[in-house]
Amino acid sequence: MAEEQELLRLEELCKQLYETADSNVRSEAEKALVAFAMSPDCLNKCQLLLERGSSPYAQLLAATTLTKLVSRPNVTLPLEQRIDIRNYILNYLANRPKLLHYVSQALVQLFVRITKYGWFDVNKDEYVFRNVVSDVGKFIQSGSTQHVMIGVQILSQLVSEVNQAEASRSLTKYRKIALSFVDTQLYEIFQLACTLLRTAVGNLKNLDLSDVNQHGLLSHTLQLTLNTLTFDFSGNCTDESSDDLSNAQIPTTWRTAFLDFTTVQLFFDLFNGLPSTLSPMALSCLVQMASTRRSLFNSAERVKFLNYLVSGVRGILENPQGLSDPANYHEFCRLLARLKSNYQLLELVKVDNYPEFIKLIAEFTVTSLQMWQFAPNSVHYLLSLWHRMVQSIPYLKASIPHSLETYAPEVTKAYITSRVSSVHVVIREGLEDPLDDHGMISQQLEQLLTIGRCEYDKTCALLVSLFDESARTYQELISSGGQSVDIAIQEGRLTWLVYIIGAVIGGRVAFASTDEHDAMDGELVCRVLQLMNLTDSRLAQGGSEKLDIAILSFLDQLRKIYLGDQVQKTSKVYRRLSEVLGLNDESMVLSVCIGKIITNLKCWSRSEQITSKTLQLLNDLSTGYSSVRKLVKLEAVQFMLNNHTSDHFPFLDINSSNSRIADMRCRTTFYTAIARLLLVDLGEDEEKFYQFMSPLTAAFETVGNLLSNGNPSSVDDAKRTLIGLARDLRGIANPINTKISFMMLFEWIYPNYIAILQRAIELWYHDPTVTTPVLKLMNELAQNRSQRLQFDVSSPNGVLLFREVSKMIVAYGISMCFSMLKHALCGNYLNFGVFRLYGDDALDNSLNMFVKLLLSISQNDLLDYPKLSQNYYSLIERLAQDHMSFISNLEPQVFLYILSTISEGLTALDTVICTGCCATLDYIITYLFRRLTTKKKKSNSSGINDSDAFLRILELNPDILQQMLTTVLNIIMFEDCRNQWSMSRPLLGLILLNEEHFNKVRSNIISSQPAEKHQTMAQCFENLMDGIERSLLTKNRDRFTQNLSVFRRDVNDSLKAQNHSPSTSSNSLDMMTYG
């Protein structure tokens, strides 16, 4: 009776969770169900829910709860219990084929999760969870559509589950399971899926795909096939965003299936015979087959397989009715792109009926480009195909016809004309403007720049014709005061043309260019620069933001190709620029670019996009070795250096109505660029530096006065001004790479202005818009880049700088403060013993604040936030290296916390963190070993008495170092250890400090092996410690490292020999958990 009431209560809670609209009721139900999942008897109750529950929500609860139980990383259910659950689920699905979709899906997920996690479990010399294909085969052989669909769904989910790595579990174990699954099951599953699909193709006329079950069965079967083909065979863990760059690493054992013409033809038949709700998956399968690694075939087989694909593609191009569906069209475009990404042009031109094939592709591409509103995201794949083909022309013998010189210009023309003609439709009908999608434009133009350079004279002639026509009409409309709509249309057309001109100029390749091509570039450059003069003259009337962004894109391409060290100044581009615009050399062109930059910064402060792109162009121009020296000689650049105020550059005005705090980030870029220009000829000229800093000096004085007034409105003004100043100073500090220049900056900022920054942190510690830029500035100042902080022997500046960093850390911060302290400790610009020698508490204050900040962070967050973890682990490594006296005096809970974070870091996926933790642990173990083995204690030069407290802590908690010993040994023996040398350094100390535990671990590992392997494994351990003394001297460490390398090799050889034997205990193939 009590059981029935409990079941009714759980069903009611499920109903409340999934159906009620009252958030309070739903929240209470959720809490109760979470408590149920944590209860010790939830396993039995879940079975009762499945057996007697009348609500599908209760069935869903039971399935998901059981899945959580079997998925717990640290708790494993007994093998017999997992086998019972697995068999129970299979029987349950077999007896209830009409379960609601979400219930059956949850039960399938439970089944495959148990199967995956128990893949290496052995019972009576049998891998008990590997007979999945035979068990599921009973569903498929039943003949019932619903049962077959469940069987296919199980296999599909299993393939997907095994292919998915989990952050909470060992990556090496995941790869072992995946590789074993590929070796033993996957090909059989692929063949089974193909057999089902062949049956469907042979029976297409009799299938009723409007029936939910038949449609669902075919959908699941196609998904199963796709899952097998997209399996991560090589273990690269590639994500979906990179699938168009990777090959399918199909195993060699699959060759026969891929060489069988009927396998490829099967999916073309499915595409032709299935409705648009299913056919895209057939094309997806073909995409993966077209991506098959080249080495799967020899040359003759590869040509044969390519002919299969091309024949099918040609059939679709000849009868393209199915491509009217966007999903089909998208997958077909992907298929076309794969033909060139995976095959060489030489192979493509040799396929049967290549002239007809390339003509069909060209016609399809031209038609697709003209239909610019249909599936715009698919255009990338078509342009990628042509980009790769044109790019391969230089590697093809001239005697081999390829017809690309005929069709590539047609593709270029179709793209250009379709984009230009789209503007009228977009503006007249108010459609979404493709020009607003800068990411898509950039992606497409990267492909077009290569295509457009093929038969470049045709491309150039088309661009000149269209540009002249639009520019003439645009000028006439402006002169006659034409309607704003007509002007906007011409501006849109010119925007596309300027983007495209920039792209094709960017496609210039030095070894393949000719004087004629450079002369054509000159014609195009002249036209855009003339247009730029015209648009700048209209900025008083508002201007066109999109057109100006396009001009900036063009100037960036011009910078890359024709401005800089690598460009021949005799290029015909400059000859044409001289004839038309009077620009005789690179300096004059640079002057034009700087003029445009200044104009934009003066007139476009309301546009964040134009401002940021303009500043990026300025920054890029200031990085070239020769160009930066030409820039500083320009009057416009000197104007910028002497007048960088909001009066001349409105975007610097922090009180402007257009100024948002988020937009102030661009100030850093601006000051980085102009500081780089300043430093070219600065030398030791302090007067010039202070003159440059005068606007910032005035701003700091204003902030100081505003803060002292205490008026709320003035404090807000001070806050905005200070945010800007912090960003400005970080920009100025960034390019400084010399001691002289840094000293000028430091003497300017210290002590008055750095005190204002300190005051700001104290006032607005809760506001990240203030703290972030100020802390980033301090972090920048603390970095000893290019030895710029190497102060004179008599200079106290190193101490003063560290003292200010210490104050900032004490006032605020976590991740950024860790970074500041790390840079300060690693800078090597002062002796830290000075602080204690003279009673200065700056070092102690910063280290104590580090401890307080550390204890405020949960251990999970240290690894979950990459920037935080990198800063923390590099800082703790430095502390262990130089400040072990401080660590040894920490409170017990702090010391244990640090050790536990190091233990976690040893298993981190980030190799840098793992290696750093090894070094940190080595410093700690070495210090501990020396303290324990040195009889006569020596005084510490730092002035701190070494505490024995940490020795007592480790005596009371021996499991910490023992666990680390086990962890390091596990990684070296059973993981893909990529930093073996680093792992070896702390391991010796751990063994010497925990010899009894090490012997226990060794005995357990040996006993876990098959009887015939005991002697081999014992000998491995003997060899590991051969010749090793009880010391941590360098010579002894090096000997141990060499022994460890041999030990790991021998252990791996031993394990490989038994890897495929079912009689082997699964524990011997996995990580040890002894101790």
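**Exercise 1. Find how far apart the C-alpha centres of domain 1 and domain 2 lie, and how many residues each gives to their contact.**

Solution. In this predicted model, the C-alpha centres of domain 1 and domain 2 are 33 Å apart. On the domain 1 side, 12 residues take part in the contact, and on the domain 2 side, 15 residues. As for the bounds, domain 1 covers 246–382 and domain 2 covers 405–557, while domain 3 is made of 861–934 + 948–1053.

**Exercise 2. Describe the largest nonpolar core: its residue count, its residues with the most contacts, and the helix that gives the most to it.**

Solution. Begin with the count: the largest nonpolar core holds 284 residues. Inside this core, Trp386 and Phe670 have the most contacts. Next, look for the main contributor, which is helix α9 (residues 171–202) with 13 residues. Then turn to the domains: domain 1 (246–382) and domain 2 (405–557) each supply at least three residues to this core. Apart from it there is a second, separate core of 78 residues, with Leu965, Phe1021, Ile1028 and Phe1040 among its members. As a general background, nonpolar side chains in soluble globular proteins tend to be buried together.

**Exercise 3. List the residues that Trp386 touches, leaving out those up to four places away in sequence.**

Solution. Working upward in residue number, Trp386 touches Ile358, Ile361, Ala362 and Thr365, and also Leu404, Tyr407, Ala408, Val411 and Ile451. Trp386 is also one of the residues with the most contacts inside the largest nonpolar core.

**Exercise 4. Decide whether Arg82 and Leu558 are buried or exposed, and give their surroundings.**

Solution. Take Arg82 to begin with; this residue lies in helix α5 (residues 79–95). Its relative accessibility is 9%, so Arg82 counts as buried, the cut-off being under 20%. Beyond its neighbours within four places in sequence, Arg82 contacts Thr76, Leu77, Ile114, Gly118, Asp121 and Phe129.

Now take Leu558, in helix α24 (residues 545–562). Leu558 has 3% relative accessibility and therefore counts as buried. Not counting residues up to four places away in sequence, Leu558 touches Val525, Leu563 and Val589. The C-alpha atoms of Leu558 and Ile501 are separated by 10.0 Å, with the two residues 57 apart along the chain.

**Exercise 5. Locate the cis peptide bond between Tyr750 and Pro751, and the positive phi values of Asn353 and Ser786.**

Solution. Most residues other than glycine have a negative phi, and most peptide bonds are trans. The bond from Tyr750 to Pro751 is cis, with omega near 5°. Pro751 sits in the loop between α34 (739–749) and α35 (752–763).

For Asn353, phi is near 60°, which is positive. Asn353 belongs to the loop between α16 (345–348) and α17 (354–370). Its relative accessibility is 43%, so Asn353 counts as partly exposed.

For Ser786, phi is near 55°, also a positive value in a residue other than glycine. The loop that holds Ser786 runs between α36 (768–781) and α37 (797–811).

**Exercise 6. Which residues make the nonpolar surface patch of about 350 Å², and is Leu837 buried or exposed?**

Solution. The patch is made by Val834, Leu837 and Tyr838. Leu837 is placed in helix α39 (residues 833–837). With 63% relative accessibility, Leu837 counts as exposed, because exposed means over 50%.

Methods:
Residues are numbered from 1 along each chain as its sequence is written. This is a predicted model: local features need pLDDT of at least 70, side-chain atom pairs count only at pLDDT 80 or more; totals for chains, interfaces and linings use all residues. Side-chain values use heavy atoms; hydrogens and water are left out. Patches are made of residues with over 30% relative accessible area and no salt bridge: like charges are joined within 9 Å, nonpolar side chains (Val, Leu, Ile, Met, Phe, Trp, Tyr) within 5 Å. Accessible areas come from the Shrake-Rupley method with a 1.4 Å probe; for residues, only the protein chains shown count as cover. A salt bridge is a side-chain nitrogen of Lys or Arg within 4 Å of a carboxyl oxygen of Asp or Glu. Helices (H or I, at least four residues) and strands (E, at least two) are DSSP runs, numbered from the N terminus. Buried means under 20% relative accessible area, exposed over 50%, partly exposed in between (1.4 Å probe, protein chains only). A nonpolar core is a set of buried Ala, Val, Leu, Ile, Met, Phe, Trp, Tyr and Cys residues joined through side-chain atoms within 4.5 Å. Domain bounds come from an automatic or database domain assignment. Contact means heavy atoms within 4.5 Å.
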